[in-house]
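Colleague: I would like to learn how to read a sheet in a model like this one. Could you take me through it step by step?

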Amino acid sequence: MLVDYLRELGVDTEYPYLPLYWEEPERHPYFILVNGKVAGFALVRTLSDAPLFEMAEFFVAESYRGDSVGREAVRTLFKLHAGAWRVSTMIDNVNGQKFWRAVVPADALFSRIEEPGEAPCVLLLFNTAKR
């Protein structure tokens, strides 16, 4: 499934950080299950400088999209890790931007980020703690 995700992003390489999600306590791997079958995955990191949660990677298989699988998975993750969050999507990932704008709190801050040598992205900052 990770290969499908990377291919969808146009990346032709392995994901070197994957083993760290089972080794480092600030990394949290999740499988998204539907009727006992893996429908996707989420890789969440706790960044130490805030603390701040980051959705490092999020993927729902194409056959499960449009059925609120991703939306419900995100809601569950936001409850498990209540607090400050950051999510970024590549500028050309229109569907990803549409998805995240629909599931983050309405008061989320959006900004365009362009780093040398990196693909431009949209950064979303928000808080899921109860107010």
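Modeller: Let us begin with a hairpin: β1 and β2 form one with 2 residues between them, and N35 in the turn has a positive phi of about 50°. Strands are DSSP runs (E, at least two residues), as helices are DSSP runs (H or I, at least four), numbered from the N terminus. This is a predicted model, in which local features need pLDDT of at least 70 and side-chain atom pairs count only at pLDDT 80 or more, while totals for chains, interfaces and linings use all residues. Residues are numbered from 1 along each chain as its sequence is written, and side-chain values use heavy atoms, with hydrogens and water left out.

Colleague: How many bridges pair β1 with β2, and in which sense?

Modeller: In general, strands of a sheet pair through backbone hydrogen bonds, either parallel or antiparallel. Two strands count as paired if DSSP finds at least two bridges between them; here β1 and β2 pair in the antiparallel sense over 8 bridges, and P29 stands opposite L43 in β2. Strand β2 (residues 37-47) is also joined to strand β3 (residues 52-60), antiparallel, by 8 bridges, with L47 opposite L52 in β3 and V44 partnered by M55.

Colleague: In what order do the strands of the sheet stand?

Modeller: The open sheet has 6 strands in the order β1-β2-β3-β4-β6-β5, with mixed pairing. Because β1 and β5 (109-113) stand at the edges, each with a single partner strand, one side of each is left without a neighbour in the sheet.

Colleague: Is R45, in strand β2, buried or exposed, or something in between?

Modeller: Buried means under 20% relative accessible area and exposed over 50%, with partly exposed in between (1.4 Å probe, protein chains only). R45 has a relative accessible area of 24%, so R45 is partly exposed. Contact means heavy atoms within 4.5 Å, and, leaving aside neighbours within four places in sequence, R45 is in contact with Y21, E26, R27, L52, F53, E54 and A56. The C-alpha atoms of R45 and H28, which are 17 residues apart along the chain, are separated by 6.1 Å.

Colleague: And what about L33, which lies in strand β1: buried or exposed?

Modeller: L33 counts as exposed because its relative accessibility is 54%, and its place is in strand β1, residues 27-34.
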